Number of protein chains: 2
Amino acid sequence: MRTTGTPGPLKRAELASRSGCNIETIRYYEKVGMLPDPPRSAAGYRLYSEHHVARLRFILRARELGFSLEDIRGLLDLVDGGTQTCAEVKARTERHLADVRTRIADLKRIERVLARTARQCSGDAVPECPVLEALAS
Amino acid sequence: MRTTGTPGPLKRAELASRSGCNIETIRYYEKVGMLPDPPRSAAGYRLYSEHHVARLRFILRARELGFSLEDIRGLLDLVDGGTQTCAEVKARTERHLADVRTRIADLKRIERVLARTARQCSGDAVPECPVLEALAS
DNA sequence: GTAGACTCTGTAGTGACTACAGAGTCAAGA
DNA sequence: TCTTGACTCTGTAGTCACTACAGAGTCTAC
């Protein structure tokens, strides 16, 4: 059993535990070209390096921030190309930020409607319900 | 060409335009049991009634409020059963409201990180980028 | 030698649609 | 009557970002 910090190639489960990523998701990211194909052992087992750990963490962090895989692919291209400019990345980030703000505004609108409607509910066991009426009207 | 307000059964495209719902989505809702199967013409064309219009609008309004189809199925069961109590609907609505609030909080956290990171960007055409560094680190 | 834990592959399922192909139907105009 | 074009029918596949599973192979500790 390899312990944390020991160097050498990692197997799928090790990469999963090092990154906190679901083991199947790793294979998925490989399949869709987000993670480079790792070298294989004689038996065909994937052998991941620190490079893969770093890239996977990059992907996961960007996912946490709500970037789509498509967005992340773009960011990775910029990184890989070595030609990325701060301006390009900034533009992408700000586009995404605008998206996030739109979603927040939408959800807040929804929240207001739901809260208002729920407040009108008596909570009694009567068959009339302002929520259903609001939806039906 | 039937004009708005004329009674009589509606075809798929008419129901779509009356409700603002995508025509394929109507068929999907039927398939998954959200909309009752309408009677058919001799040629097999669906013939929708005002009942279908009302139900479809109910579904669309609930979708706008972010209820899942599963949630809506529950609401429709309560409506159809005729046994729904305000208390049940209120509980569902409040569960959903809590969900929405969680999502808002998540997005706000994301927004803060994105905004802070984007601010650090010079926007210049230099290859170093604090956004990418934040993601990679 | 064997048990159990791992890995491999391909495939199918999730939710909520959306799109398309190929066939049939309908109504208006020539 | 015929044709044209717009509609409708069905089944199926694609979308996104995974997740789960089956059946086979491999590795390692005892």
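**Two protein chains and two DNA strands**

Of the 18 residues around DNA strand D, those that come nearest are A:Ala43, A:Ser68, A:Leu69, B:Lys11 and B:Ala13. The model described here is a predicted one, and this meeting with DNA is a good place to start looking at it. Three helices each supply at least two residues of the surface near DNA strand D: helix H2 (23-31) and helix H4 (69-81) of chain A, together with helix H1 (12-19) of chain B. H2(A) gives the largest share, three residues. Sorted by class, the surface near DNA strand D holds six nonpolar, five polar and seven charged residues.

DNA strand C can be followed in a similar way. There are 18 residues around DNA strand C, and the nearest are A:Lys11, A:Ala13, A:Arg46, B:Ala43 and B:Ser68. Two or more residues of this surface come from each of helix H1 (12-19) of chain A and helix H2 (23-31) and helix H4 (69-81) of chain B. For DNA strand C the largest share, three residues, belongs to H2(B). The class count near DNA strand C is six nonpolar, five polar and seven charged residues.

One residue of helix H1 of chain B invites a closer look, namely B:Arg12. Because B:Arg12 has 17 C-beta neighbours inside 10 Å, it counts as partly exposed. Leaving aside residues up to four places away in sequence, B:Arg12 touches B:Ile23, B:Ile26 and B:Arg46. Between B:Arg12 and B:Asn22, which are ten residues apart in sequence, the distance in space is 9.8 Å from C-alpha to C-alpha.

Turning to the fold of a single chain, chain A has six helices and zero strands. Read from the N terminus on, its elements therefore give the simple order α-α-α-α-α-α. Chain A contains 137 residues, and buried residues make up 26% of them. Among contacts in chain A between residues at least 6 apart in sequence, 41% join residues at least 24 apart.

Helix H5 of chain A spans residues 86-120. H5(A) has 35 residues and reaches 51 Å from its first C-alpha to its last, close to the 51 Å expected at 1.5 Å a residue. Several residues of H5(A) are buried, including A:Cys86, A:Val89, A:Lys90, A:Thr93 and A:His96. Further along H5(A), A:Val100, A:Leu107, A:Leu114 and A:Thr117 are buried as well.

The two chains also meet each other. Their contact takes 45 residues from chain A and 45 residues from chain B. On the side of chain A that touches chain B, at least two residues come from each of helix H3 (50-64), H4, helix H5 (86-120) and helix H6 (130-136). The largest share of that side, 21 residues, comes from H5(A). By class, the side of chain A that touches chain B has 27 nonpolar, nine polar and nine charged residues.

How the two copies are arranged can be described with one operation. A turn of 180 degrees and a shift of 0.0 Å along the axis lay chain A on chain B with an RMSD of 0.2 Å. The two copies are thus related as by a two-fold rotation axis. A:Ile104 is the residue of chain A that comes closest to the rotation axis, with its C-alpha at 2.9 Å. Of the interface residues of chain A, 100% are also interface residues in chain B, so the copies meet through the same surface.

Conventions: Residues are numbered from 1 along each chain as its sequence is written. Chains are lettered from A and ligands numbered from 1 in the order in which they are written. This is a predicted model: local features need pLDDT of at least 70, side-chain atom pairs count only at pLDDT 80 or more; totals for chains, interfaces and linings use all residues. A residue is near a molecule or strand if its C-beta atom, placed from the backbone, lies within 6 Å of it. Helices (H or I, at least four residues) and strands (E, at least two) are DSSP runs, numbered from the N terminus. Ala, Val, Leu, Ile, Met, Phe, Trp, Tyr, Cys and Pro count as nonpolar, Asp, Glu, Lys and Arg as charged, and the others, Gly among them, as polar. Two residues are in contact if their C-beta atoms, placed from the backbone, lie within 7 Å. Copies are superposed by least squares on the C-alpha atoms of residues with pLDDT of at least 70 in both. A residue is buried if 20 or more other C-beta atoms lie within 10 Å of its own, exposed if 12 or fewer, and partly exposed in between; C-beta atoms are placed from the backbone. The expected span of a helix is 1.5 Å times one less than its number of residues.
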